[in-house]
Structures are given as structure tokens and as C-alpha cells.
Amino acid sequence: MNNGLVDKPFYIIQYPLIVIHFLTCTGMIIYGVAILAFCYVTGQLIGELLGRLIGVDANVGGVGFAMLLLILLNDWFAKKGYTNKLTDNGIQFWSQMYIPIVVAMSAIQNVKVAVSSGVIALAAGIVPVLLCLAMIPLLAKLTKAKPVDEHGHYHPVS
Amino acid sequence: MSMDIITRFLEKNGLIFAFLMVGVIMYSSTVISNRLTNKKIPASAIAIISGLVLAYIGGVYSGGEKGIADLKIFSGFGLMGGSMFRDFAIVSTGMGASFLVMRQTGWVGALSLFLGIVLSFLGGVAVALLWGYTDAISLTTIGAGACTYIVGPVTGAAIGASSDVIALSIAAGVVKAVFVTIGTPFVARYIGLNNPHTAMIYGGLMGTTSGVSAGLAATDPKLVPYGALTATFYTGLGCLACPSVLYLLMRLVTN
């Protein structure tokens with residue numbers, strides 16, 4: 001008979017618990033996809049605005065901003081304990097799709113032009129790459145924050 | 001008649017058909033990698049190179065600019081491999097990246113971006129000089145094309161280059177993207193490209209987002225977010241530097 005009166009305070013106490021429960025347990029793949037989409041849209045918009053701001057007709061670092069936002073959000077969720085396997089799967093799915101998407105991307109490049117445009121285009125495309133490749137070990141050595149010896153010499157297993 | 005029905009059906013369901021085709025390419029590449037090369041050449045590298053071969057065939061067959069996507073039944077490749085899906089997938093790889101590493105090596109990324117744009121530009125200019133170009137506008141446009149295939153035409157249009165020079169700059173940029181894609185997994189061990197620190201330098205120096213993302217994917221997918229993070233700033237900064245500072249420099253030098 002008194003069920004209604006007894007239950008009410010119980011629900012009021014339980015309400016915040018239900019919210020936390022919702023965030024931690026009832027994950028959905030679409031939540032992950034939506035979080036990823038939120039980061040993408042926000043980051044790309046910042047990139048577009050930054051491009052406009054410095055007067056360039058291109059997106060400046062949109063993907064980079066989006067990625068940083070995702071990393072920060074992911075960090076924040078992990079600290080608060082709001083991690084959920086299903087939600088994570090919504091993001092993991094796309095990072096697993098990355099290589100297939102890159103394969104599709106390489107299939108729509110204008111390879112014919114690259115191959116048939118003569119020696120000067122080949123040289124102008126390849127020479128800078130070789131120049132930059134040669135710089136990589138040098139830059140890596142110069143900018144290495146920690147001396148290698150700190151953890152002993154590193155020998156890859158394979 | 002029945003051929004026509006199939007063509008129209010596949011065109012209408014382009015994206016899904018592209019999923020199927022890419023799945024088949026990935027599977028056959030894995031088989032080839034395991035059986036024929038004993039896993040020496042990574043499956044993803046084989047898959048990406050087959051993609052480039054398909055793009056060449058598509059280009060020759062249709063005479064268009066978008067590789068295999070110019071054939072109607074493969075038009076779904078255009079959406080699946082377009083910049084929207086590509087960037088969305090690149091962002092998602094950030095999940096596995098360490099913010100700490102990025103913060104520690106962030107300044108290295110900025111340095112390599114600066115060096116990458118200047119070095120690529122000068123390399124392109126040197127090649128153009130060798131082939132007999134002497135005017136500042138053509139030199140700058142070809143140098144910009146050596147950055148990426150977007151920086152080239154943007155710069156050329158801004159400083160008033162002729163259309164054949166702009167076409168040449170685009171071709172140089174595409175060659176760069178293809179060369180980086182194919183070359184990266186093969187040179188990776190010689191340049192120490194096996195850690196996030198070097199991957200960030202690599203992304204900044206190479207800059208071509210499609211080349212860097214495909215090259216790193218074929219080398220080690222774990223490195224993709226680090227390379228992509230710096231490469232994503234390259235085209236924008238290139239579009240900023242080439243028609244302004246670097247063009248002025250070229251004008252000073254040629255006068």
C-alpha cells in the first residue's frame with residue numbers, strides 16, 4: 001500500500017547512479033561513431049576557419065585538430081571512467097577500415113598522368129622526396145629527446 | 001540487355017560494391033603476401049600497389065582523371081576513397097596514439113614541416129632549372145607542385161602561371177604521392193622509420209597526405225596517426241608560403 005511513498009526517495013537517490021550507469025554500461029556503437037563525427041566536424045571547421053584567417057584557399061590542419069580533440073576526449077573519458085567497449089568499437093571500426101579506404105583512395109589517383117607526363121614531372125616529384133628522405137635520419141638523430149643509452153641499446157626482436 | 005541491367009545495378013549500389021571489391025583486393029593481397037613473398041612484402045603494400053595499378057588501368061580505359069572511379073560500375077571507389085572517408089578514418093586512428101608522445105615531439109613536427117616545404121620547393125625548382133625554365137613564375141609553380149598536387153595549382157593560379165606549367169605542377173605532385181606510397185615500406189628500415197618520433201618527422205617532411213597515409217599504413221599502421229598529424233598542416237602551410245615568401249625569393253634570385 002505504501003509502495004509509492006517508499007519508492008520515491010529511492011528513485012531520487014538512484015537517479016545519478018542511473019546516469020553513471022548509462023554512461024558506463026549502456027554503450028552503443030553509434031555513440032562512438034557520433035563522438036568521432038563530432039571531433040571530425042569540429043576539427044575540420046577549425047582548419048577551414050584557420051585557412052580563411054591566414055588567407056589561404058585550403059584547410060589548415062583540420063585532420064590534426066580533429067585527431068587531437070579525439071585524443072583529449074578519449075583521455076578525459078578514460079579518467080572519468082566513462083569507457084565502454086561498445087562505444088569504443090564505434091571508433092575502432094573506422095580505424096580498422098583505414099587501410100581498405102587507403103586502397104580505394106589509391107585506386108582513384110590520377111596515375112595515368114603521373115606515369116605519362118614525361119621525365120620532368122617524374123624528376124620534379126621524385127627528387128624532392130629523395131632529398132627529404134635523406135634528411136630523416138639526420139633530423140631524428142638531432143632531435144632525439146633522450147639519449148639512446150638511457151635504456152640500453154635497443155635491439156628489435158625480428 | 002542483361003549487361004545493361006547489371007551495370008546500372010552496380011552503379012546504383014556503388015559504395016557497397018566498392019566495399020566488396022576492396023575486400024577481395026585485401027584478401028588476394030594477403031594470399032599473395034603469404035604464399036609468394038613469404039610475408040616479406042606486407043599485404044597492405046601489395047593491396048595499395050594493386051589499387052594504383054587499377055587506377056592506371058581505369059585512367060587509360062576511360063581517359064578520365066579519377067582512376068578506376070571513372071568506370072561507371074566502380075564509381076563507388078570515388079566515395080569510399082574520397083577525402084571525407086579518408087580523413088574520417090585518419091582521425092579515428094588517433095584512438096591508439098599517445099598524446100604525451102605528440103606533445104613531446106610537437107616542436108620537431110613543426111621544424112620538419114618548415115624544412116619539408118622549403119626542401120621540396122627547392123628540389124622542384126632545381127629540376128625545373130635543369131629543364132630550362134628560368135622565369136620566377138614557372139619556377140615557383142613547379143616548386144610548389146613538388147610540395148603537393150594541391151599547393152601547385154593553388155600557387156600557380158595565385159601568381160598567374162600558364163596552364164601547361166600548372167598541369168606540370170599537378171603531375172609532379174601526383175608523382176610524389178605515388179612515389180611516397182610505394183617507396184615508404186621499402187626504405188623504412190634504412191631511415192629508422194619504426195617509432196612515433198621519426199613518423200612525425202616523416203609526415204612533416206613528405207607532406208602529401210595521401211602518400212604519407214598510404215605509405216605508413218603499408219609500413220606499420222601504428223605510426224599512421226603520428227605521420228598524419230604533421231602532414232595535415234603541410235598543404236595549408238605550403239599554400240601560404242609558396243605564392244608569398246618563396247615566390248618573392250624566386251623573383252629576387254632570378255632578377
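So, burial in chain B: 57% of its 255 residues count as buried. Keep in mind that this is a predicted model.

How does that fit with the overall size? For 255 residues, a compact globule would come out near 18 Å in radius of gyration, and chain B has 20 Å, so the two agree. If you'd rather think in box dimensions, the C-alpha trace spans about 65 × 50 × 30 Å along its principal axes.

Okay, secondary structure. Chain B has 13 helices and 0 strands, so to speak a run of α after α when you read along the sequence. As for contacts, take the pairs in chain B at least 6 apart in sequence: 64% of those join residues at least 24 apart.

Now let me zoom in on one helix pair. H10 of chain B is residues 163-187, H12 of chain B is residues 209-219, and their axes come within 8 Å, crossing at roughly 15°. Angles under 35 degrees count as roughly parallel, and that makes H10(B) roughly parallel to H12(B). The crossing itself is right-handed.

Who makes the contact? On the H10(B) side you've got Lys176(B), Ala177(B), Val180(B), Thr181(B), Thr184(B) and Pro185(B). Across from them, H12(B) puts in Ser210(B), Gly211(B), Val212(B), Ala214(B), Gly215(B), Leu216(B), Ala218(B) and Thr219(B). Sort the residues of this H10(B)–H12(B) contact by class and you get 7 nonpolar, 6 polar and 1 charged.

Key. Residues are numbered from 1 along each chain as its sequence is written. Chains are lettered from A and ligands numbered from 1 in the order in which they are written. This is a predicted model: local features need pLDDT of at least 70, side-chain atom pairs count only at pLDDT 80 or more; totals for chains, interfaces and linings use all residues. Helices (H or I, at least four residues) and strands (E, at least two) are DSSP runs, numbered from the N terminus. The radius of gyration is taken over C-alpha atoms; the globule rule is 2.2 Å times the number of residues to the power 0.38. A residue is buried if 20 or more other C-beta atoms lie within 10 Å of its own, exposed if 12 or fewer, and partly exposed in between; C-beta atoms are placed from the backbone. Two residues are in contact if their C-beta atoms, placed from the backbone, lie within 7 Å. Axes are lines fitted to C-alpha atoms, for helices over the stretch in contact, and angles run from 0 to 180 degrees between N-to-C directions. Angles under 35 degrees count as roughly parallel, over 145 as roughly antiparallel, 65 to 115 as roughly perpendicular and the rest as oblique. A crossing is left-handed if the near helix is turned anticlockwise from the far one by less than a right angle, and right-handed if clockwise. Ala, Val, Leu, Ile, Met, Phe, Trp, Tyr, Cys and Pro count as nonpolar, Asp, Glu, Lys and Arg as charged, and the others, Gly among them, as polar.
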